[in-house]
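Me: I should be grateful for a close examination of a single part of this structure. Please treat its packing partners one by one and then turn to individual residues.

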Amino acid sequence: MSFSAPGSPPPPPLPAQPSQPGPSPYQVPYPVAQQGHPYPGGAVHAAPPGPSNTLRSPKGLATALTWLLGACAAVRLFSAGVGTYEQSWLQGFPDGTHFDDLELGLAPGLTILAGLLQVLTVLPTIVVFIVWFHRVRSNGGIFRPDAFTLGRGWAIGAWFVPVANLFLPCRIALQTWRASTQRGPDGADRKASAALLTSWWVLWVLAASGDRVFSRLYAAAETVDELLTVGKLGIATDLVTAVAGVLALLFVRRLTGMQNTMATEGPYARS
């Protein structure tokens, strides 16, 4: 099904081609003004659809992100558990508690394992998330070009600009959320609550900041008391990150569902 952006004229009818299957809800060329426009001194040509005016389904990427973000949250919970065990283990040092060789090697080994699992899950999640984010931003530009103040390339670049990456991606996400929300049957704007997006972003910024502080303090800690204090921060950061991961998963699924509704049912709600 093809649909036009609000306020645009309906696309001109195209000749039927029974030998070819009809288009799917996604990969649908967006109507462009130049389509079928005669070039000076030549015949009438149809402008081929380019990537900037073609919807692409984010559902496959959203499915992959569901698993990846779930894995990240699980690893962070495991890391919090390791931190809790390390706290109980370190508290035995001041009172002269005896530790056998297994206990002396278990806590550091679990800490290394938790860090390795974080690297193995976070890196692919970052890559897939940015690809998904760029795709939903591109689709949003087709649904409602007037909803955006930044080009779609910023859906990738905003994540790599120091300081700006603390607010620019959220701004793009909010604009994409608005662009992916159906209008009312009468064409009036309808607001979909962005509380899920806002909650995820606040927790993500807190978790990212906590991780940076924890890494610096952990590297500088020299005494048992310092390690115990830093460990508590690490546990709190792991728990906040796990919750942020779950909210990110819900955000991905919600926004993907909104875009699927826009692509299959059109920009106007039925009721």
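The part in question is helix H6, and the account below sets out its surroundings.

Me: Which helices pack against H6, at what angles do they cross, and which residues form the contacts?

Reply: The model is a predicted one, and its setting may be given first. The protein has six helices and zero strands, so that reading along the sequence gives the pattern α-α-α-α-α-α. Of its 271 residues, 38% count as buried. Among contacts between residues at least 6 apart in sequence, 76% join residues at least 24 apart.

Helix H6 itself covers residues 224–265. One of its partners is helix H5, residues 195–220. The axes of H5 and H6 come within 8 Å and cross at roughly 155°. Because angles over 145 degrees count as roughly antiparallel, H5 and H6 are roughly antiparallel to each other. Their crossing is left-handed. The residues of this contact comprise 21 nonpolar, five polar and three charged.

A second partner is helix H1, residues 59–90. H1 packs on H6 at an angle of about 165°, the two axes being 8 Å apart. The angle therefore makes H1 roughly antiparallel to H6. The crossing of H1 and H6 is left-handed. In the contact of H1 with H6 there are 17 nonpolar, eleven polar and five charged residues.

Val243 is a residue of H6 that deserves a separate remark. With a relative accessible area of 43%, Val243 is partly exposed, since that class lies between the limits of 20% for buried and 50% for exposed. Its C-alpha atom is separated by 9.4 Å from that of Leu77, although Val243 and Leu77 are 166 residues apart along the chain.

Helix H4, residues 168–179, also packs against H6. Here the angle is about 35°, and the axes are 9 Å apart. The crossing of H4 and H6 is left-handed. On the H4 side the contact involves Ala173, Thr176, Trp177 and Ala179. These meet Phe251, Arg254, Leu255, Met258, Gln259 and Met262 of H6. By class, the contact of H4 with H6 consists of seven nonpolar, two polar and one charged residues.

Two of these H6 residues recur in the contacts of Thr181, a residue of the loop between H4 and H5. Leaving aside neighbours within four places in sequence, Thr181 is in contact with Met258 and Met262, as well as with Arg190 and Ala192. Thr181 has a relative accessible area of 10%; this value is under 20%, and Thr181 therefore counts as buried. A polar atom of the Thr181 side chain lies 2.7 Å from the backbone oxygen of Trp177, and Trp177 is among the H4 residues that meet H6.

Ala179, another H4 residue in the contact with H6, leads to Arg144. Arg144 is found in the loop between helix H2 (101–143) and helix H3 (154–157). Beyond its neighbours within four places in sequence, Arg144 is in contact with Ala179, Arg178, Arg183 and Asp189. Its relative accessibility is 5%, so Arg144 counts as buried.

In summary, H6 packs with H5 at roughly 155°, with H1 at about 165° and with H4 at about 35°. From the contact with H4, Met258 and Met262 connect the description to the buried Thr181, and Ala179 connects it to the buried Arg144.

Terms used: Residues numbered from 1 in each chain as written. Predicted model: local features only at pLDDT ≥ 70, side-chain atom pairs only at ≥ 80, totals over all residues. Heavy atoms only, no water. Axes fitted to C-alpha atoms, helices over the stretch in contact; angles between N-to-C directions. Helix = DSSP H or I, 4+ residues; strand = E, 2+ residues; numbered from the N terminus. Parallel < 35°, antiparallel > 145°, perpendicular 65-115°, else oblique. Left-handed = near helix turned anticlockwise from the far one by under 90°. Nonpolar A, V, L, I, M, F, W, Y, C, P; charged D, E, K, R; others polar. Contact = heavy atoms within 4.5 Å. Buried < 20%, exposed > 50% of the residue type's maximum accessible area, 1.4 Å probe, protein only. Polar contact = N/O pair within 3.5 Å; in protein donor to acceptor, adjacent residues only side chain to side chain.
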